[in-house]
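Got the model open in your viewer? Keep the selection box handy, and let's walk through it stop by stop.

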Amino acid sequence: MKTTADTQRPRQGADILRTALRRNLGAMAWGTVLMGLYQAGETAFPIALGLIVEHTMQERGLGRLLLSIGALAVIITTVSLSWRFGMRILQKANTTEAHHWRVRVAACGLQPVSRDMDLKSGEVLTIATEDADQTADIIEVVPLLVSSVVAILVAGTALGLADLRLGLLVFVGAAAILSVLGVMSKRIGASTKEQQARVARAGAKVADLITGLRPLHGFGGNHAAFRSYRKLSTEAKQQAITVARVNGAYAGASMALNAALAAVVTLAAGWLAFDRQITVGELVMAVGLAQFIMEPMKLFSEMPKYVMMARASAERMALVLDAPPVAAPGTGSPEPGGDLEIDRVRHGSLRELKLQVAAGEFVAIAAYQPRAAAEFAAILALNVPPHAYEGVVRIGGQEIGGLPAEAVRGHMLVNPYDGEIFAGTLRTNIDPSGTSRMIPEAVEASLLTDVVALHREGLDHVVRDRGANLSGGQRQRLSLARALAADSDILVLHDPTTAVDAVTEQLVARNVAELRRGRTTVVLTSSPALLDAADRVLVLDDGVITAEATHRHLLATDEAYCRAVAR
């Protein structure tokens with residue numbers, strides 16, 4: 001299948017900018033025409049004034065004056081309308097393009113196949129917002145650059161018609177100014193790129209601190225964490241000051257050089273008029289153009305800076321968009337039903353792990369080492385790519401390494417012990433896609449009914465970000481309800497009841513076993529209630545399965561198991 005430019009993954013920042021420009025050629029063409037018309041109209045105003053003075057001094061008549069006023073009105077109207085519609089077109093294209101890149105970056109960060117990039121979530125967030133916006137600014141930069149060139153060409157040509165030396169002065173001066181500022185803009189681009197990286201790192205640190213604030217307070221690590229953030233924030237501040245200094249030097253140099261060019265043109269025109277080499281009308285035109293030309297020259301000289309900033313942001317977006325997937329996407333889909341087989345898997349603390357869960361079976365795994373349980377869950381959740389561990393994982397008789405990540409996750413759901421709670425409502429947290437038909441059953445099985453009944457809005461009760469207005473047990477039951485409502489062929493639960501009391505845990509275990517009857521369910525837990533509800537229990541010790549039986553049989557025959565799970 002032929003890949004379009006839009007679907008190809010950009011390899012570097014320049015590719016991203018070219019893609020953005022190519023996608024908006026129509027809008028940029030219309031914007032360039034209208035903004036060029038605007039600049040031409042602005043340039044025509046002092047030219048018209050010069051012609052009016054020239055003809056008024058030669059022919060003193062009311063008709064000529066009214067005609068001149070009408071011409072000025074046409075110029076003013078053209079300037080107003082062309083600016084209004086030109087900027088509307090360009091800003092719409094700019095906003096649309098920024099939205100496109102935000103979605104692309106977010107899609108890369110959220111897609112099932114992980115990406116091999118050395119960026120934290122806070123940095124990806126900055127890239128998806130600030131960098132996407134600055135990259136899309138190239139849509140406005142190019143038309144404004146072209147329109148400012150039009151203004152300089154019209155002004156230089158008009159002055160050249162009055163006196164060739166004045167026209168050459170404008171063109172040579174514009175080229176010299178752009179050369180000087182072009183060198184300075186490279187420094188701005190490098191400094192801005194470094195500033196964006198440091199701000200993103202500081203933002204990622206804040207996100208980590210907010211997530212782990214309670215544990216940090218618990219063992220007194222909050223002060224050290226805050227000092228770490230302060231260091232990153234100070235580095236970002238110092239870099240921002242450096243960028244501000246460079247930008248200030250650039251703006252100051254731009255204003256000084258443009259003012260110097262305008263002053264030289266004005267003085268040269270005055271000398272030519274004094275020497276009677278140009279007329280009074282041409283002097284008025286030259287003085288007006290010398291003052292006007294400062295604005296397009298300022299715009300023209302600032303464009304390299306914005307181009308370098310857009311390039312720096314595009315390079316940062318390329319870090320996300322061009323990052324190779326950790327696991328290459330496969331083809332096909334698992335067979336319905338859902339047996340699970342782990343065949344001699346070695347990863348981390350797991351050593352030759354081998355087990356099999358039949359379709360429709362409810363199996364509990366008692367892991368004596370929490371790290372082994374976490375690594376096992378990470379493998380099943382595809383957080384560890386197949387090439388990163390030895391052995392094979394099969395679902396429905398097919399290796400997960402040869403299946404698309406979307407297909408695996410659509411067939412097997414791994415619910416982590418620290419499932420995220422989102423800002424929204426109870427209902428949107430249980431059923432984010434709005435397609436589940438098992439919300440009532442999931443709410444009842446997870447014993448979330450008391451939370452629903454407690455609020456007048458019921459399932460539409462508002463949940464704050466990260467479930468800040470819920471207790472730990474309520475958050476855990478809400479996460480469990482979401483997993484049950486998905487009704488996947490294979491459900492893997494990792495410590496789903498650690499934050500609830502023993503009575504609730506007993507009821508939840510019984511409800512989950514009943515709701516999942518005939519569906520493959522694996523629970524990584526040390527909960528006696530869940531272990532007892534399972535069809536059989538596998539003991540995971542030192543990276544391998546060391547025992548297999550029912551919970552009650554293991555309690556009666558295995559002293560180590562009894563010590564590990566008894567409460």
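What follows is a tour from the whole chain down to single residues.

**Before you click**

This is a predicted model: local features need pLDDT of at least 70, side-chain atom pairs count only at pLDDT 80 or more, and totals for chains, interfaces and linings use all residues. Residues are numbered from 1 along each chain as its sequence is written, and side-chain values use heavy atoms, with hydrogens and water left out.

**The whole protein**

Start with everything in cartoon. The secondary structure comes to 20 helices and 12 strands; these are DSSP runs numbered from the N terminus, helices being H or I of at least four residues and strands E of at least two. Switch on the surface and you are looking at about 27800 Å² exposed, with carbon and sulfur atoms supplying 59% of it (Shrake-Rupley method, 1.4 Å probe). Of the 567 residues, 45% count as buried. Buried here means under 20% relative accessible area, exposed over 50% and partly exposed in between, with a 1.4 Å probe and protein chains only. Among contacts between residues at least 6 apart in sequence, 79% join residues at least 24 apart; a contact means heavy atoms within 4.5 Å.

**Stop 1: the sheet**

Now select the strands β6, β9, β10, β3, β11 and β12: in that order, these 6 strands form an open sheet with mixed pairing. Two strands count as paired if DSSP finds at least two bridges between them. Which strands sit at the edges? Pick 412-415 for β6 and 544-549 for β12, each of which pairs on one side only. On average, neighbouring strands of this sheet are turned by 20 degrees against each other, direction ignored. For angles with a direction, axes are lines fitted to C-alpha atoms (for helices over the stretch in contact), and values run from 0 to 180 degrees between N-to-C directions.

Walk in from the β6 edge. Strand β9 (residues 490-494) runs parallel to β6, and 4 bridges join the two. Click N415 and its bridge partner L493 in β9. Stay on L493, since it leads you onward: its bridge partner in β10 is V523. Another 5 bridges join β9 to β10, again parallel. One step further, β3 and β10 run parallel with 4 bridges between them, and F362 stands opposite T521 in β10.

Pause on β10 and show its side chains. How many of its residues are buried? The count is 5 of 5. T520, V522 and L524 point one way from the strand, while T521 and V523 point the other way.

**Stop 2: helices on the sheet**

Add residues 370-380, helix α11. This helix packs on the sheet, touching β3 (362-367), β6, β9, β10 (520-524) and β11 (536-541), and its direction makes about 150 degrees with that of β9. Then add residues 472-486: helix α16 lies across β6 and β9, running at about 175 degrees to β6.

Within α16, zoom in on A481. This alanine is buried, with a relative accessible area of 0%. Leaving aside residues up to four places away in sequence, A481 touches I430, A442, S446 and L448.

**Stop 3: two positive phi values**

Most residues other than glycine have a negative phi. For two residues on the other side of zero, go first to L382, in the loop between α11 and β4 (390-395). Phi of L382 is near 65 degrees, and the residue counts as buried at 11% relative accessibility. Next, select D542, in the loop between β11 and β12. D542 has a positive phi of about 55 degrees and is partly exposed, with a relative accessible area of 47%.

**Stop 4: a helix pair**

Jump to α1 (residues 13-23) and α5 (residues 138-162), which pack at an angle of about 70 degrees with their axes 9 Å apart. That makes α1 roughly perpendicular to α5, a label covering 65 to 115 degrees (under 35 is roughly parallel, over 145 roughly antiparallel, the rest oblique). Show L17, A20 and L21 of α1 with I138, I139 and V142 of α5, which make the contact. How do they divide by type? The contact has 6 nonpolar residues, no polar and no charged. Nonpolar covers Ala, Val, Leu, Ile, Met, Phe, Trp, Tyr, Cys and Pro; charged covers Asp, Glu, Lys and Arg; the others, Gly among them, are polar.

**Last stop: A564**

Finish in helix α20 (residues 559-565), where A564 is found. A564 counts as partly exposed, at 38% relative accessibility. Draw a C-alpha distance to S526: these two, 38 residues apart along the chain, are separated by 7.6 Å.
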